[in-house]
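Got your viewer open? Let's take a walk through this one together, one selection at a time.

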Amino acid sequence: DMSLAPADIEFRPVSHSLIALRLINVVIFMLLLLGGSAVAALAISPLIWAVFGLFALITCWLLWLVPRQVKNMGYALTDTELIYKRGAMWRTVTVVPYGRMQYVDLSQGPLMRMFGISDLRLHTASASTISNIQGLPTGEAEALREHLSRLGSSQMAGL
């Protein structure tokens with residue numbers, strides 16, 4: 001578990017469908033790099049096979065890393081704030097007070113729609129602070145957006 005996150009808070013995980021989506025992106029991108037380096041090795045120089053080998057190692061590492069990254073993602077709602085954790089190697093915990101939220105929106109591309117997931121973006125009073133919770137099941141993301149919008153409005157009214 002994540003040592004930066006508060007121990008007494010239970011985090012809700014993101015959808016495991018995000019693993020499949022990210023792996024599809026990795027495989028497509030790396031196949032292009034592997035194919036390009038193989039063609040270059042055949043056409044230009046056998047020394048370029050070293051680049052192919054490097055890309056193959058990176059592909060294996062990403063196939064190992066992506067599931068661990070997604071399994072470490074989660075969010076929790078407290079009485080006063082939303083807490084979001086992420087990261088397998090470099091871990092991050094973001095705390096967003098409800099009263100600082102200006103608006104919450106959802107985004108979803110075609111592949112995300114196919115997997116039934118959405119990204120929830122929190123825009124705060126600070127222009128530099130935008131939190132993005134990736135890979136939430138769409139129904140949960142919509143309900144969370146409504147809940148956070150209500151909490152943000154009520155907490156801002158108390159300022």
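Here is a tour that starts with the whole chain and then goes to single places.

**Stop 1: the whole chain.** Before you select anything, keep in mind that this is a predicted model. Switch to a cartoon view and you should find four helices and seven strands. Starting at the N terminus, follow them in the order β-α-α-β-β-β-β-α-β-β-α.

Now turn the C-alpha trace around: along its principal axes it spans about 70 × 35 × 30 Å. How does the radius of gyration stand against that of a compact globule of 159 residues? The globule would be near 15 Å, but this chain has 20 Å.

**Stop 2: the surface.** Turn on a surface view. The accessible surface comes to about 9100 Å², and carbon and sulfur atoms account for 63% of that. Of the 159 residues, 37% count as buried. Colour by charge next, and look for 12 positive and 10 negative side chains; the centres of these two sets lie 8 Å apart.

**Stop 3: the largest nonpolar core.** Hide the surface and select Leu 82, Met 101, Leu 120, Leu 122, Ile 133, Leu 136 and Leu 148. These are the members that touch the most others in the largest nonpolar core, a set of 23 residues. Which elements each supply at least two residues of this core? They are α1 (17–43), β3 (81–86), β5 (101–107), β6 (117–124), β7 (130–137) and α4 (138–157). The largest share, four residues, comes from α4.

**Stop 4: around Ile 133.** Stay in that core and centre on Ile 133, one of the residues you just picked. Setting aside neighbours within four places in sequence, show what is in contact with Ile 133: Val 14, Tyr 75, Leu 82, Tyr 84, Ser 118, Asp 119 and Leu 120.

For the chain as a whole, take the contacts between residues at least 6 apart in sequence: 52% of them join residues at least 24 apart.

**Stop 5: the second core.** Now select Met 30, Phe 55, Leu 62 and Val 66. They are among the six residues of a second, separate core.

**Stop 6: Gly 109.** Last, go to the loop between β5 and α3 (110–115), where you'll find Gly 109. Is Gly 109 buried or partly exposed? Its relative accessibility is 23%, and buried means under 20%, so Gly 109 counts as partly exposed. To finish, draw a C-alpha to C-alpha distance from Gly 109 to Leu 144: the two are 35 residues apart in sequence and 19 Å apart in space.

Methods: Residues numbered from 1 in each chain as written. Predicted model: local features only at pLDDT ≥ 70, side-chain atom pairs only at ≥ 80, totals over all residues. Heavy atoms only, no water. Rg over C-alpha atoms; globule rule 2.2 N^0.38 Å. Buried < 20%, exposed > 50% of the residue type's maximum accessible area, 1.4 Å probe, protein only. Contact = heavy atoms within 4.5 Å. Areas by Shrake-Rupley, 256 points an atom, 1.4 Å probe, with all protein chains shown as cover. Lys, Arg positive; Asp, Glu negative; His and termini not counted. Charge placed at Lys NZ, Arg CZ, Asp CG, Glu CD. Core = buried A, V, L, I, M, F, W, Y, C linked by side-chain atoms within 4.5 Å.
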